[in-house]
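Colleague: I am new to this structure and should like to understand how its descriptive terms are justified. May I put some questions to you once it is in view?

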Amino acid sequence: MTQTAGQGSGSDVRATAFVARYVGDVVVTMDEDRRVYQPGVLDVVDGRVAWVGAATDAPAAAAVERRIGGLLMPGLVNAHGHSPMTLLRGAGDGLPLARWLSEAIWPREARLTPDDVWWGTQLGCAELLRAGVTTTCELYLHSRAVADAVLAAGIRCVLTPGVFDLPGAGPDSTWQRCLEDAAQLHRELDGRDGRLVVGLGPHSAYTLPSEGLTAVAEVAAQLDALVHVHLAETSAEDDVVRARHGCGAPEALARTGILDCRVLAAHAVWVTDDELDLFARHGVAIAHCPQSNAKLGSGIARVPAMLARGLRVGIGTDGPASNDNLDLWEELRLAPLLARAAACDASALGTVDALRLATSGGAAALGLDCGSLVPGRVADFVRVELEDAAFVPARSHAELLTLLVWAASSRLVTDVWVAGRQLVSDGVCRSVDEARARREVAVRSQRLAGG
Ligand SMILES: [Zn+2]
């Protein structure tokens with residue numbers, strides 16, 4: 001890979017604004033041309049990338065320079081998660097999805113309070129940030145508490161309040177009430193701190209009636225909000241969807257107008273070629289959750305077929321009760337591993353393609369301007385320690401990226417910034433009281449389990 005000249009957004013910005021300059025041994029941009037600079041410089045102004053390029057080309061600037069070494073790269077983007085489920089971690093192991101939900105998850109969720117969800121989200125944010133995840137797309141209950149917790153933690157978040165009738169949670173938890181609350185939250189908090197985007201999270205076609213999906217589509221169109229929905233996660237859910245809607249889930253979403261919105265579909269494991277073509281026509285984005293799908297025995301989504309159709313694809317941890325952690329580096333490896341194993345083809349999903357899923361691909365799926373280190377984009381980035389056996393030998397930029405996917409892991413993430421603000425240093429999350437969050441979640445989990 002050749003080194004190319006750096007990219008700037010103009011000298012005026014640097015001349016007039018405070019510049020934080022970071023000098024790394026390597027800067028991996030994940031831009032369109034896969035540029036890698038060694039050594040590289042990243043200039044940050046007002047929370048955005050002002051310049052990135054080779055250290056030798058760095059422009060003169062009134063900068064505070066930090067020579068931090070290591071590898072700098074965009075923060076990872078978690079395209080599908082339920083981080084408050086740290087409260088339910090480990091519940092229902094060994095059950096298939098339908099029984100896992102009805103026997104282990106929904107009874108606990110019916111007992112949740114907003115305070116529980118706040119602490120569960122705080123712990124989830126700390127875990128995500130320490131793993132180098134700077135953006136997370138969340139779908140859950142008690143969404144105001146989720147919003148408060150992610151804003152306090154400093155992480156970037158696409159929050160899509162869950163819309164469905166939660167079994168056993170009483171008359172206040174109808175899909176109609178959920179939808180009203182979600183629309184209200186959008187009006188109040190969308191765009192807050194430049195880090196929070198509020199969409200809508202209709203849980204799935206199997207937990208909502210057709211009129212519910214139609215109502216979500218109408219509200220989403222009014223608000224121009226992202227619609228985040230579970231879709232075709234297991235083969236078994238198809239029977240339930242057909243009984244409820246008279247057709248499969250993709251068709252049900254199309255008939256009710258959901259697919260005319262901006263849609264992020266989580267899982268999409270059990271979809272036909274025709275259904276993938278339908279998604280391509282409607283610009284549906286996919287959140288691929290390989291580890292959750294493997295743990296629940298749901299199957300392997302056909303990511304190469306999605307990418308071949310030009311679909312935007314990101315990767316997600318799903319909730320920590322079906323994973324059971326929030327370490328997106330594991331998905332970064334598992335996505336190409338499963339794609340290659342399923343196809344018996346080592347070229348089924350390339351290394352850089354996998355990195356794209358975890359960074360710029362996830363950002364595109366969510367409609368955000370993070371996921372790559374390009375002037376003008378938000379300065380969400382992480383430092384990875386290079387002084388480790390995982391990076392020996394790395395004789396070229398191509399080999400370095402290979403080792404980043406196959407040999408590195410979240411244990412090598414030392415520092416994390418969101419919008420230019422450092423949230424993790426020396427491997428410790430500074431924006432969350434993680435010890436307290438662990439204690440709170442441990443005690444509250446006991447109550448939720450009915451124990
Ligand atoms: Zn999910």
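**Terms and the values behind them**

Modeller: Please keep in mind that this is a predicted model. Just after helix 7, glycine 246 takes a positive phi of about 75 degrees.

Colleague: Which residues of helix 7 are buried?

Modeller: In helix 7, which covers residues 237-245, the buried residues are Glu237, Val241 and His245. They span an arc of only 45 degrees around the axis, which means that they are on the same side of helix 7. An α-helix has 3.6 residues a turn, so residues three or four places apart point the same way.

Colleague: What lies on the two faces of helix 7?

Modeller: On the face turned away from the buried side of helix 7 are the exposed residues Asp239 and Ala243. The buried residues of helix 7 pack against helix 2 (97-109), helix 6 (210-223), strand 15 (227-231) and helix 8 (249-255).

Colleague: What makes the site of the zinc ion irregular?

Modeller: The protein donors are His80 (NE2), His82 (NE2), His230 (NE2) and Asp318 (OD), at 2.1 to 2.3 Å from the zinc ion. The angles among these four donor atoms run from 84 to 174 degrees. Four donors count as tetrahedral only if all angles lie between 85 and 135 degrees. The range of 84 to 174 degrees does not meet that condition, and the site is classed as irregular.

Colleague: How are the donor residues of the zinc ion spaced in sequence?

Modeller: Their spacing is H-x1-H-x147-H-x87-D. Histidine 80 belongs to strand 9 (residues 76-81), and aspartate 318 to the loop between strand 18 (313-315) and helix 12 (328-343), so this pair ties together parts that are 238 residues apart in sequence. Both histidine 80 and aspartate 318 are buried.

Colleague: Why is proline 290 called buried?

Modeller: Its relative accessible area is 1%, and the term buried applies under 20%. Proline 290 is therefore buried. This residue lies in helix 10 (residues 290-295). Leaving aside neighbours within four places in sequence, proline 290 is in contact with Gly316, Glu331, Leu334, Ala335 and Leu338.

Colleague: Why is valine 197 called partly exposed?

Modeller: Valine 197 has 31% relative accessibility. Partly exposed is the term for values between the 20% limit for buried and the 50% limit for exposed, so valine 197 counts as partly exposed. It is found in strand 13 (residues 196-198). Beyond its neighbours within four places in sequence, valine 197 is in contact with Cys157, Val158, Leu159, Asp190, Gly191 and Leu368.

Colleague: What phi do alanine 419 and aspartate 426 have, and how are they classed by accessibility?

Modeller: Alanine 419 has a positive phi of about 50 degrees although it is not a glycine. Aspartate 426, also not a glycine, has a positive phi of about 50 degrees. Alanine 419 is found in the loop between strand 20 (413-418) and strand 21 (421-425), and aspartate 426 in the loop between strand 21 and strand 22 (428-429). With a relative accessible area of 31%, alanine 419 is partly exposed. Aspartate 426 has 64% relative accessibility, and exposed means over 50%, so aspartate 426 counts as exposed.

Colleague: Which peptide bonds are cis?

Modeller: Among them are the bond joining glutamine 38 and proline 39, with omega of about -5 degrees, and the bond from valine 392 to proline 393, with omega near -5 degrees. Proline 39 is in the loop between strand 4 (36-37) and strand 5 (40-45). Proline 393 is in the loop between strand 19 (381-384) and helix 15 (397-406).

Colleague: How do you know that the largest nonpolar core draws on both domains?

Modeller: The domain assignment gives domain 1 (7-74 + 381-429) and domain 2 (76-366). The largest nonpolar core has 126 residues, and those with the most contacts inside it are Met73, Ile105, Phe391 and Leu404. At least three residues of this core come from each of the two domains. Methionine 73, leaving aside neighbours within four places in sequence, is in contact with residues including Trp329, Leu355, Phe381 and Leu404.

Colleague: What describes the relation between domain 1 and domain 2?

Modeller: Their centres, taken over C-alpha atoms, are separated by 30 Å. In addition, 26 residues of domain 1 are in contact with 26 residues of domain 2.

Note on methods: Residues numbered from 1 in each chain as written. Predicted model: local features only at pLDDT ≥ 70, side-chain atom pairs only at ≥ 80, totals over all residues. Heavy atoms only, no water. Buried < 20%, exposed > 50% of the residue type's maximum accessible area, 1.4 Å probe, protein only. Helix = DSSP H or I, 4+ residues; strand = E, 2+ residues; numbered from the N terminus. Arc of directions from axis to C-beta. Contact = heavy atoms within 4.5 Å. Core = buried A, V, L, I, M, F, W, Y, C linked by side-chain atoms within 4.5 Å. Domains from an automatic or database assignment. Donors = N, O, S within 2.8 Å, 3.2 Å for Na, K, Ca; no water. Tetrahedral: all angles 85-135°; square planar, octahedral: opposite > 155°, others 65-115°.
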